[in-house]
Amino acid sequence: MRIEQLQYLTAVTQHGSLRRASEKLHISQPALSEAVTKLERELRVTLLDRRRSGAKISREGRDLLPYMVEVLAAVDRLRIAAGDQRTDSRLIRLGTVHAATSTLLVPAVRAFQDRLPGTTVEVLTLQQAQIDEGLAEGSLDLGLVNVLDGDDAPIDLVGTDLIVGRPVAVLPAGHPLTAQTHVSVEDLRPERFVMMRAGYLMHRYVHRIFGAQPPLACHHTDGAEMGKALVAEGLGVTVLPDYSVLGDPLERAGLIEARPIAGDQTVVNLVLRQRKSLQTPLPVRDLHNTLVALAGEYQAARAS
C-alpha cells in the first residue's frame, strides 16, 4: 500500500469522478485507475463503482474513507514535524451559501493566504444540503451555512456558531421603503421580489413570513451575492441575513439599504460546519480558526 493510492482515492471523492480527479492530479486516467485497482486487490474490497458514465467511490470505499483520511492526516503531521513544508500546498475546499462573503469569508481567505501562500482555497457556492453532503462524504473540508434557531446539524457534522443575526429587507437605493425605519411583511408583499431558490434557508424563511400569499412578481436566484446584485440594479427587493448585507461593498457604496422587518424576532446564525469524526489537517484547522477569529472581531465591531 502506498500513500499515493490513498491520495488518489480521496481525490476521486473530492472531485466526483475518476476523470476529474486525474485532471486535477495531472496524471493519466488509466494510471490512476490502475493504482486504485492495485489497492482494491490488496484490501480485497471494491473501492470504485466503474460504469460507462464514469467511476465514482463505492459504498465500501466511503466506509473506508475516514480511515484513509486519518492516515493522510497523520502523514501531514509527520511531514510538518520533520520540517517538510509541502503540506502548505494542499487544496482546501470550502462550500458556502454565500453568506457574509465580503465581510467574513474574503478577509479570512486573504489572512489565511498571507500565512500559507502555497495553499489553495477553492470556494464553491452550493445549497445547504449539498454542503452537508459534501462534508459528510469528504469532498468538502469546511462549510458555511445559515441556520435558524431550532435547526439541528446532521449527526455526523459539528458546527461552530460564527455570527448571530436577523433577517432584513434589502432595498435598492432611493426605494420609497427606505424612508421607513422598519419594513413590514405587508410592505413587501406587493413588491417585485428576488427569491432565493428552494434549498436555501432564506427561501424557507420567506415562505414562512408570507404564508399563503407570497409576492406576486418574483425573480429566483442562487445565493445572496446575485440577490444583492439584482436589488442594486432596481430589479426588486429581497430578504437576507443582516450579516450578508451590512458592510457589503454594495451597501457601502450606497446602492442597497437594509431595514429590519417589523415585528419579526427570527434569529439567523452563520455556522461553520465540518466532519467531526476525522482528524483535521493543520491547514484546514488554520482556516477554521481564522474564520472564527474574524467572526469574533466582526461581532464585536457591530456591538460597539
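**Reading the domains and sheets of a predicted model**

Guide: Let's start where two parts meet: domain 2 and domain 3 bury about 1500 Å² between them, with 52% of it on carbon and sulfur atoms. Buried area is the accessible area (1.4 Å probe) that two parts lose on being put together, summed over both. Keep in mind that this is a predicted model, where local features need pLDDT of at least 70 and side-chain atom pairs count only at pLDDT 80 or more, while totals for chains, interfaces and linings use all residues. Residues are numbered from 1 along each chain as its sequence is written, and side-chain values use heavy atoms, with hydrogens and water left out.

Visitor: Which residues belong to domain 1, domain 2 and domain 3?

Guide: Domain bounds come from an automatic or database domain assignment. Here domain 1 is 1–88, domain 2 is 89–157 + 269–303, and domain 3 is 167–266. The C-alpha centres of domain 2 and domain 3 are 25 Å apart. Their contact (heavy atoms within 4.5 Å) takes 19 residues from domain 2 and 20 residues from domain 3.

Visitor: How many salt bridges cross the interface of domain 2 and domain 3?

Guide: A salt bridge is a side-chain nitrogen of Lys or Arg within 4 Å of a carboxyl oxygen of Asp or Glu. The rule finds one across that interface. You can also look for polar contacts: pairs of N or O atoms within 3.5 Å, where, within protein, one must be able to donate a hydrogen and the other to accept it, and residues adjacent in sequence count only if both atoms are side-chain atoms. Between domain 2 and domain 3, 10 residue pairs are in polar contact, both residues at pLDDT 80 or more. On the domain 2 side, the elements giving two or more residues to the touching surface are α5 (101–115), β5 (142–148), β12 (268–275) and α11 (282–303). Those labels are DSSP runs numbered from the N terminus: helices (H or I, at least four residues) and strands (E, at least two).

Visitor: What is the strand order in the open sheet of five strands?

Guide: Strands of a sheet pair through backbone hydrogen bonds, either parallel or antiparallel. Two strands count as paired if DSSP finds at least two bridges between them. In this sheet the order is β4-β3-β5-β12-β6, with mixed pairing. The edge strands, β4 (120–125) and β6 (157–165), each pair on one side only. For a parallel example, three bridges join β3 (residues 91–96) to β5, and leucine 94 stands opposite leucine 142 in β5. Helix α11 packs on this sheet, touching β3, β4, β5, β6 and β12, and its direction makes about 25° with that of β6. Axes are lines fitted to C-alpha atoms, for helices over the stretch in contact, and angles run from 0 to 180 degrees between N-to-C directions.

Visitor: Why is one side of β10 and of β11 left without a neighbour in the sheet?

Guide: Check the order, β10-β7-β11, in this open, antiparallel sheet of three strands. β10 (238–241) and β11 (256–260) stand at the edges with a single partner strand each, so one side of each has no neighbour in the sheet. The twist averages 40° from one strand to the next. Five bridges join β7 (residues 167–172) to β11, and alanine 169 has arginine 259 as its bridge partner in β11.
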